[in-house]
Amino acid sequence: MDFEFSAEHNQLRETVRRHAEEEMRPYVSEADDAERFPKKLFARWGELGLIGARYPELDGGVGMDKISDCIIREELGRVSQAFCAAFSAQSHLGIWPIWHAGTEEQRLRFFAPAVKGQKISCFGLSEPDGGSNIRAMKTRAEKVDGGYKISGSKLYITNSPIADFMILAARTAPDLKPTAISLFIVELPNTAVKISHLKKEGLKGSETGLLYIEDLFVPDDCLLGHSEGTYPVILASLTENRVGVSASVLGVAKGAYKEALDFSRTRIVAGKPILEYQAVAHRLADMATDIEAAHWMVYRGAWQVDKGGIDHETAAKIKLFVSEAAFRVTERAIRVLGGAGIMREFSVGRHHRDAMVYLFGEGTSDIQRNLISRAMKERDMLP
Ligand SMILES: Cc1cc2nc3c(=O)[nH]c(=O)nc-3n(C[C@H](O)[C@H](O)[C@H](O)COP(=O)(O)OP(=O)(O)OC[C@H]3O[C@@H](n4cnc5c(N)ncnc54)[C@H](O)[C@@H]3O)c2cc1C
């Protein structure tokens, strides 16, 4: 066993940390207030090779590994989980399915420019009646001459108000079998897709949309992989992204911890820094313990992806533990700061609001528990 990061990984972390501190942090507060994502970051992330980091060079990526992708997301998340949500939709949710199952032409047309940050992508799966229960999907794609006609709605779609294209999941058959769901690539904006910008209490610096789709014509060449029934691609994509998302949530926890620690050293109460009060030191000890467990779960998961793939159960355990740990850590960070913890001058309040979203984004904690316990039942509930 080797628990060390390589010299390249450490170098990457340093580069991304510098970028996040110097080129992202100045926009974080403004984006949170305006509820708008600074779009120019996509081009910068493309230039720095961050979007395509984990994809092979042969396919237009940078040829690093999943550990590198997690380092990138952790460092971006440390400064802004909202910006990292936009990054996740751009670097994974909106393009991984094309890289994994798209045709050569689809990769060239959509994947390649997205990796460079020249086109913005999003992923439309969730619906008003089908968030946790994907099988309740009502969006229908009907085969017509030369393509498909799609009608339905999609809810909470990250990047959709600013996207150039979307991976859209729609039902191509009425039955409840997973294979009745297919993926399409839809160019945006489109008059048949009405997108409204949703106001949120967390991840405010990312843009989230509600979509009404009416009689949208999608040509045959935009059916992903030119084949119907690509639902398993969604499952594989979400499973891997549970590791990536957990890395960004780990970053939020580390960002909040750092702010709480710095504050506890400088805030003097009754003649001494509050860090010298055992209650505060214990709080920091609990936070550090959660962070350490989360850190190793994330990077072991990334290592598993690099070794050939991660199973649903392990990915669900990582997402469950890390998102709940980040929620605890950010809440404790606010307590360390006291009243200052809810002032806009500090980041811990924003970090807590953002961490809250990942208790349900990318599958709620209950859904992760369902996945874990279902897998455990197959071996008599043994861990
Ligand atoms: C900011 C944000 C960004 C998002 N971005 C995207 C995106 O880019 N693309 C996309 O497709 N989706 C996106 N989502 C949607 C996200 O994946 C869903 O919110 C999530 O899957 C939960 O669905 P829901 O909100 O409809 O909750 P519901 O499914 O209505 O769940 C409500 C509650 O019931 C519980 N529950 C439901 N079913 C079960 C069950 N079987 N067992 C136990 N408990 C259950 C849940 O755990 C939860 O507590 C985003 C969401 C948010 C908030």
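In the predicted model, residue D215 lies in β7, the strand that spans residues 208–219. The backbone of D215 is notable in that its phi is positive, at about 50 degrees, although the residue is not a glycine. A second backbone feature is found at the peptide bond that joins L188 and P189, which is cis, with omega about -5 degrees. P189 itself is placed in the loop between β5 (181–187) and β6 (193–197). As background to both features, most residues other than glycine have a negative phi, and most peptide bonds are trans.

The domain assignment divides the protein into domain 1 (7–115), domain 2 (121–229) and domain 3 (232–378). The C-alpha centres of domain 1 and domain 2 are separated by 22 Å, and the contact between these two domains involves 27 residues from domain 1 and 21 residues from domain 2. On the side of domain 1 that touches domain 2, at least two residues are supplied by each of α1 (7–34), α4 (81–93), α5 (96–101) and α6 (104–115), with α4 providing the largest share, eight residues. In terms of residue class, this side of domain 1 comprises 15 nonpolar, seven polar and five charged residues.

The ligand is surrounded by 24 residues, of which L125, G131, S132, T364 and D366 are the closest. Two or more residues of this shell are given by each of the elements α4 (81–93), β1 (121–124), β3 (147–158) and α11 (365–377). Considered by domain, the shell takes at least three residues from domain 2 (121–229) and at least three from domain 3 (232–378). Its composition by class is 11 nonpolar, 10 polar and three charged residues. Helix α4 thus appears in two settings, as a contributor to the shell around the ligand and as a contributor to the side of domain 1 that touches domain 2.

Several helix pairs were examined for their packing geometry. Helix α8 (residues 278–306) and helix α9 (residues 312–337) pack with their axes 9 Å apart and at an angle of about 155 degrees; because angles over 145 degrees count as roughly antiparallel, α8 is roughly antiparallel to α9. The crossing of α8 past α9 is left-handed. Residues of α8 that take part in the contact include V280, R283, D286, M287 and D290, and those of α9 include T314, A315, I318, F321 and V322. Taken by class, the contact of α8 with α9 holds 15 nonpolar, three polar and six charged residues.

Helix α7 (residues 231–266) takes part in two of the packings described here, with α3 and with α10. The axes of α3 (residues 66–79) and α7 come within 7 Å and cross at roughly 40 degrees, and the two helices are therefore oblique to each other. The passage of α3 across α7 is a right-handed crossing. From α3, the residues in the contact include K66, D69, C70, R73 and E74, and these helices meet through residues of α7 that include V243, G244, A247, S248 and V249. The contact of α3 with α7 consists of eight nonpolar, five polar and seven charged residues.

In the packing of α7 with helix α10 (residues 348–357), the axes are 10 Å apart and the angle is about 155 degrees, and α7 and α10 are therefore roughly antiparallel to each other. In this case α7 passes α10 in a left-handed crossing. The residues that make the contact are V249, V252, G255, A256, E259 and A260 on the side of α7, together with V348, H351, D354 and A355 on the side of α10. By class, six of the residues in the contact of α7 with α10 are nonpolar, two are polar and two are charged. V249 of α7 is listed both in the contact with α3 and in the contact with α10.

Notes
Residues numbered from 1 in each chain as written. Predicted model: local features only at pLDDT ≥ 70, side-chain atom pairs only at ≥ 80, totals over all residues. Near = placed C-beta within 6 Å. Helix = DSSP H or I, 4+ residues; strand = E, 2+ residues; numbered from the N terminus. Nonpolar A, V, L, I, M, F, W, Y, C, P; charged D, E, K, R; others polar. Domains from an automatic or database assignment. Contact = placed C-beta atoms within 7 Å. Axes fitted to C-alpha atoms, helices over the stretch in contact; angles between N-to-C directions. Parallel < 35°, antiparallel > 145°, perpendicular 65-115°, else oblique. Left-handed = near helix turned anticlockwise from the far one by under 90°.
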